[in-house]
Amino acid sequence: MKHLLIIVLVGLTCRSLAQTEAKADSKWEKDFSLEIQLDNRFFLNDGLYERQERNFLSGAITPSFSVESKDGKHLWQGKFFGRLDQYDVNRTHFDIRELYYQHIFGNSEISIGFKKVFWGVTESSHLVDIINQVDQVETFDGESKLGQPMIHFSTYTNWGTFDVFYLAYARRRQFPAARGRLRFPMVIEREDLPVDAELEQWHPSFAVRWSHFFGPFDVGLSHFYGVGREPLFLGFEQNGALQLFYPIIHQSGLDLQATTGPLLWKLEAIYRYADLQEFTALAAGFEYTFSNVWSSGLDIGLVAEYLFDSRDELTLTSLDNDVFVGGRFAFNDVKSTEFLTGGIFDLTRSTYFYSFEGGRRIGKSWKLELEARVFRQVSAEELAFVFRQDDFIETRIIKYF
Amino acid sequence: MKNLEVLILFFLALSIDTVYGQSQETKGLEIAQQADEADQGFESVEANLKMKLTNTQGQVSERYMSNKILEVKDDGDKSMIVFESPKDVSGTKTLTYTHKQGPDDQWLYLPALRRVKRISSDNKSGPFMGSEFSYEDLSSSEVEKYTYKYVEETTMSGAKIAVVEQYPVDPKSGYSKRIAYYNLSVDHRMEKIEYYDRKGAKLKTLLYEDYKQYLDKHWRAGLLVMTNQQNGKKTELIFSDFAFKTGLSDASFTQNSLRR
């Protein structure tokens, strides 16, 4: 029955798309694009666990399309993703990132299909953002996400924007395979983690959000009910395995930004309730931008954020009482050179974590990206202790068609 | 007695200067207002843009984008820019609510994350996409954003031209002044702007070319040429497919419309 729902959703999307193609004429604007990347992840140290490799060559492909009616009332969008990894069989994966139909009428819109939704304002963690499951094998920072099947209604009024989501199915996250890095001592397969008790991952979830802006303030209030996207961590089994499962949760979220000249104030806060665990978490800070430094075109943004999570050492991300300090450098040159670098410092334990992400265009349609993540003095009390040998440098070259 | 004469003469000179000065400022403002009024009632306009950047070695790089503007009564216009090329920034959009007074509201949409970010509109003087246009050169030019001083009347290719100095009200502007050339023979349309940097040195010259009139009223240049006198670089903005009164409304300029 539930499988049927997804099949019907995808079917409807494809059928309406086919119909669009059939009567395709000047009433439609069509766009197709393709992104191919070659990627090398080099780990500076040997892995802690047997069979872990040090250098991973991989390739990824991202085809996407959009078809929009000229009257702006109908929109079909699709984005697919596939990666082939040299050693990590779980990092070799395919996903429908997006595949949906959207009908726009007046100040409202309704979408059906696989979508990606982003909520929130802070840079170093994304607490409020809860609609999509993260694609954990793809990126380390949680910014890659799996497509989420949904029906989404949104309306824009004088009192703000109201969003209502029906999320048909809860997707579980994938973990690195035996030869992969950034993994726990025991290899976890996606299917190993159960969903709460009698409920299963077909259990529907619901979410609502109100967002608005008043002068310099942008504010969002949200509530989510259903299968949590983040596994609940209860501790370790006798054999060292992690006790993880997907609980049914209620989560209320607040995101707030004040934009005062070059200074942005940011706040995200959540309260999450599950039968076995309830907690609050917070990310708060600021970003100050020195623009056009010495009339060179260079923008330097300084970011400082405090991260708190009342789960303490049970915090899956280990960001329970930490400070992020970073700098964003945008050169605004012809090659769009920019990079973001920073460190996360644990205030109660010894753990440091540094990162660098940068990119530059080459020619008209190529881009070179560099990413580095370094762990230092990781405290044995934190979950991140298992990643202490996993410093890496990743180089990507991307071709856009 | 002699002293009194000098004093009277001094005050006379001062008052003449004040009256003359005021009229210079009022006249400058009036010309800017007339230019603004001449273009009122366009409701909305859409256009495609090609940006051609040429460096001192003659190397050329190009960017493509589209632009939508909604006329807002009693406040600044709303506008959306969608980037199409280079491909790595394709789908990136900016949404700006210009205000006659105070800072503009601006949002940036990043398609890879599907994230909408409110950004500071403080960065006015920085280069737009590596070009010789700064953000403030491309934002909606509201009358209230400058104070004015009329300089003189001259002619350019047979047309009557009013030369007006414009002083940015916003201290974050990258310019100490602009010198604007309004065509009095043709609806006060802009023909040229000269930009002076914060130190008072001449920085750039913008030429408006290939003018066409739309709906028997609105003049739009098909080509803007910005030349930087200090670094020798040049950026051309080539407009195409101008469409007026296309039925855009407030709903076309929301965060939801950024995400489409």
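Trainee: Which residue in β8(A) stands opposite A:Phe162?
Mentor: A:Trp210 stands opposite A:Phe162 in β8(A). The model is predicted, and the pairing is read from its coordinates.

Trainee: What makes β7(A) and strand β8 of chain A a pair?
Mentor: Two strands pair if DSSP finds at least two bridges between them. β7(A) and β8(A), which spans residues 205-214, have 7 bridges in the antiparallel sense, so they count as a pair.

Trainee: How do you know that β6(A) and strand β7 of chain A pair?
Mentor: By the cut-off of at least two bridges. β6(A) is joined to β7(A), residues 160-167, by 8 bridges, and the two run antiparallel, so they pair as well. One of the partnerships is that of A:Ile151 with A:Tyr166 in β7(A).

Trainee: How many residues lie between β6(A) and β7(A) in their hairpin?
Mentor: The hairpin has 2 residues between β6(A) and β7(A).

Trainee: What makes residues of chain A and chain B count as being in contact?
Mentor: Their C-beta atoms must lie within 7 Å. By that test, 32 residues of chain A are in contact with 23 residues of chain B. The elements that give two or more residues to chain A's side are β6 (148-157), β12 (248-260) and β14 (277-293) of chain A. β14(A) gives the most, with 3 residues. By class, the side of chain A that touches chain B has 15 polar, 9 charged and 8 nonpolar residues.

Trainee: How do you know that B:Val164 is buried, given its place in the largest nonpolar core?
Mentor: A nonpolar core is a set of buried residues, and B:Val164 belongs to the largest one, which has 26 residues. It is therefore buried, with 20 or more other C-beta atoms within 10 Å of its own. B:Val164 is among the members that touch the most other members, along with B:Met51, B:Ala180 and B:Tyr182. Strand β9 of chain B, residues 175-183, gives the most to this core, with 4 residues.

Trainee: Which residues is B:Val164 in contact with, leaving aside its neighbours within four places in sequence?
Mentor: Among them are B:Ala180 and B:Tyr182, together with B:Gly28, B:Ile31 and B:Ala32. Apart from the core of B:Val164 lies another, of 25 residues, including A:Trp119, A:Val128, A:Ala281 and A:Leu307.

Trainee: Why does the radius of gyration of chain A agree with that of a compact globule?
Mentor: With 401 residues, a compact globule would come near 21 Å; chain A has 22 Å, which agrees. Its C-alpha atoms fill a box of roughly 65 × 60 × 45 Å along the principal axes. Chain A has 1 helix and 20 strands, and 36% of its residues count as buried.

Trainee: What are the corresponding values for chain B, in its box and its buried share?
Mentor: The box for chain B is roughly 80 × 45 × 40 Å, and of its 260 residues 31% count as buried. Chain B has 3 helices and 13 strands.

Trainee: What does the predictor give for the complex, as ipTM and pTM?
Mentor: An ipTM of 0.90 and a pTM of 0.89. Chain B averages a pLDDT of 89, with 92% of the residues scoring at least 70. Where pLDDT is low, the predicted coordinates should not be read in detail.

How values were computed:
Residues are numbered from 1 along each chain as its sequence is written. Chains are lettered from A and ligands numbered from 1 in the order in which they are written. This is a predicted model: local features need pLDDT of at least 70, side-chain atom pairs count only at pLDDT 80 or more; totals for chains, interfaces and linings use all residues. Two residues are in contact if their C-beta atoms, placed from the backbone, lie within 7 Å. Ala, Val, Leu, Ile, Met, Phe, Trp, Tyr, Cys and Pro count as nonpolar, Asp, Glu, Lys and Arg as charged, and the others, Gly among them, as polar. A residue is buried if 20 or more other C-beta atoms lie within 10 Å of its own, exposed if 12 or fewer, and partly exposed in between; C-beta atoms are placed from the backbone. pLDDT is the predictor's confidence in each residue, from 0 to 100. A nonpolar core is a set of buried Ala, Val, Leu, Ile, Met, Phe, Trp, Tyr and Cys residues joined through C-beta atoms within 7 Å. The radius of gyration is taken over C-alpha atoms; the globule rule is 2.2 Å times the number of residues to the power 0.38.
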